Amino acid sequence: MNTYTSKFLPVEIEKFKTIFKNENASFSTPQYMHFQARGDGFTASFYTSGKLVIQGKKTSEIVSKYFESSQTTLFKTIENNMPKDTDGEIAPYPHIGIDESGKGDFFGPLVIAGVLLDENGAESLQKAGICDSKKMNDKKILELQDLIKEVSTFDIIAISPLKYNELYNKFKNLNRLLAWGHSTVLENILSKKPCETAISDKFADESVIKSALKERGKNINLIQQTKAESDTAVAAASVLARGEFVKRISKLASEYEINLPKGASNLVLEQGRKFMEKYGKEEFKSIAKLHFKTYLDITEERLIK
């Protein structure tokens, strides 16, 4: 466990401070926080919204020591009584959410998007029914894109299959490629508007993306969390990313006059074989991610025939 997140009421601030003083932490008070405690192997951020985020290699040890014992029964009771309208939000606004689309799709690009929202923008999107793009159909995703762009500062980078294969050969690792994309989007947004906090869905050890951060990003409070799409800004980023992916894979399908299914299913395998028959092996680099096992399945099938 490298990240722990939970919600509490601020009535117990001093108890939390005592916990981190026991761990020899130094304290500061960044904007939108009651305090931030930094110690050897961890950073603990207690936001004014009641969200406590602990990150670092020592997270599991601290959680086991202080947050899973009988002495924290009061904390758990407080957490369970938090107002429901704050569920899902990981940090107070304004903050940036970052997410990607196309990572698990054999055909089409990899798209990474970032969205900087303030409280009013987040409320507008919540009223419009924004949620993780995986829970919405393509029609709804495309309908919400304009609203997201209207109420936010955003950035989208779409990596075509041709460029994706080139970058994958360079990085030799999908997580490092994703870290490069996330950090690029973050830097682009920060060049348009300052912000102190960003949230990204956790796809690798925190050191992977932190090592990829550029000049502005190195100074931001970056929260990496699994299932981060529960946060409105991250959900909005997922919608922008998926919408761009849908448009681009549709354009590829039109250019090659062949159906390009999403995902990496048997239907994808079937269409890949049809593409192979029509265009040959070399052209795959322009429409698909070549490190997928699907590519080997298709090309080996061709050799057998």
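# Exercises on a predicted model

At 22% relative accessibility, isoleucine 156 counts as partly exposed. Keep that residue in mind as you work through this predicted model.

**Exercise 1. Find where isoleucine 156 sits, and list which residues it touches.**

Solution. Begin with the class: buried needs under 20% relative accessible area and exposed needs over 50%, so the 22% of isoleucine 156 puts it in between, as partly exposed. Next, its place is in strand E8. Leaving out residues up to four places away in sequence, isoleucine 156 touches Val111, Ile112, Ala113, Lys149, Leu240 and Glu244. Finally, take one of these partners, leucine 240: its C-alpha atom is separated from that of isoleucine 156 by 7.5 Å, although the two residues are 84 apart along the chain.

**Exercise 2. Work out the strand order of the five-stranded sheet, and say which strands form its edges.**

Solution. Reading across, the order is E8-E7-E6-E9-E10, in an open sheet with mixed pairing. The edges are strand E8 (153-159) and strand E10 (221-225), each of which pairs on one side only. On average, neighbouring strands here are turned by 15° against each other, direction ignored. Now zoom in on one pair: strand E6 (residues 95-101) and strand E7 (residues 110-117) run antiparallel and are joined by seven bridges. Within this pair, serine 101 stands opposite valine 111 of E7. To finish, add the helix: H7 (residues 174-192) lies across E6, E7, E8 and strand E9 (197-201), at about 145° to E8.

**Exercise 3. Examine the salt bridge between aspartate 105 and arginine 242, and decide which parts of the chain it ties together.**

Solution. First check the distance: the closest N and O atoms are 3.0 Å apart, inside the 4 Å cut-off. Then place the partners. Aspartate 105 lies in the loop between E6 and E7 and arginine 242 in helix H9 (residues 232-256), so the pair ties together parts 137 residues apart in sequence. As for accessibility, both aspartate 105 and arginine 242 are buried.

**Exercise 4. Compare the locations of two further salt bridges, lysine 192 with aspartate 155 and arginine 248 with glutamate 244.**

Solution. Take lysine 192 and aspartate 155, whose closest N and O atoms are 3.6 Å apart. This pair links distant parts of the chain, with lysine 192 in helix H7 and aspartate 155 in strand E8, 37 residues apart. Aspartate 155 is buried, at 11% relative accessible area.

Now turn to arginine 248 and glutamate 244, with closest N and O atoms 2.8 Å apart. Both lie in helix H9, four residues apart, or about one turn of the helix. That spacing fits a general rule: an α-helix has 3.6 residues a turn, so residues three or four places apart point the same way. Arginine 248 is partly exposed at 39%, whereas glutamate 244 is buried at 14%.

For the wider picture, the whole structure holds 16 salt bridges, and Glu23, Lys58 and Lys65 are linked in a network of them.

**Exercise 5. Show how the buried residues of helix H1 are arranged around its axis.**

Solution. List them first: in H1 (residues 13-21), the buried residues are Ile13, Phe16, Ile19 and Phe20. Then look down the axis: these residues fall within an arc of 120°, so they line one face of the helix.

**Exercise 6. Count the disulfides, and classify cysteines 131 and 195 by accessibility.**

Solution. With a cut-off of 2.5 Å between cysteine sulfur atoms, the count is zero disulfides. Cysteine 131 is partly exposed at 24%, while cysteine 195 is buried at 14%.

Key. Residues are numbered from 1 along each chain as its sequence is written. This is a predicted model: local features need pLDDT of at least 70, side-chain atom pairs count only at pLDDT 80 or more; totals for chains, interfaces and linings use all residues. Side-chain values use heavy atoms; hydrogens and water are left out. Buried means under 20% relative accessible area, exposed over 50%, partly exposed in between (1.4 Å probe, protein chains only). Two strands pair if DSSP finds at least two bridges between them. Helices (H or I, at least four residues) and strands (E, at least two) are DSSP runs, numbered from the N terminus. Axes are lines fitted to C-alpha atoms, for helices over the stretch in contact, and angles run from 0 to 180 degrees between N-to-C directions. Contact means heavy atoms within 4.5 Å. A salt bridge is a side-chain nitrogen of Lys or Arg within 4 Å of a carboxyl oxygen of Asp or Glu. The arc is that of the directions from the helix axis to the C-beta atoms.
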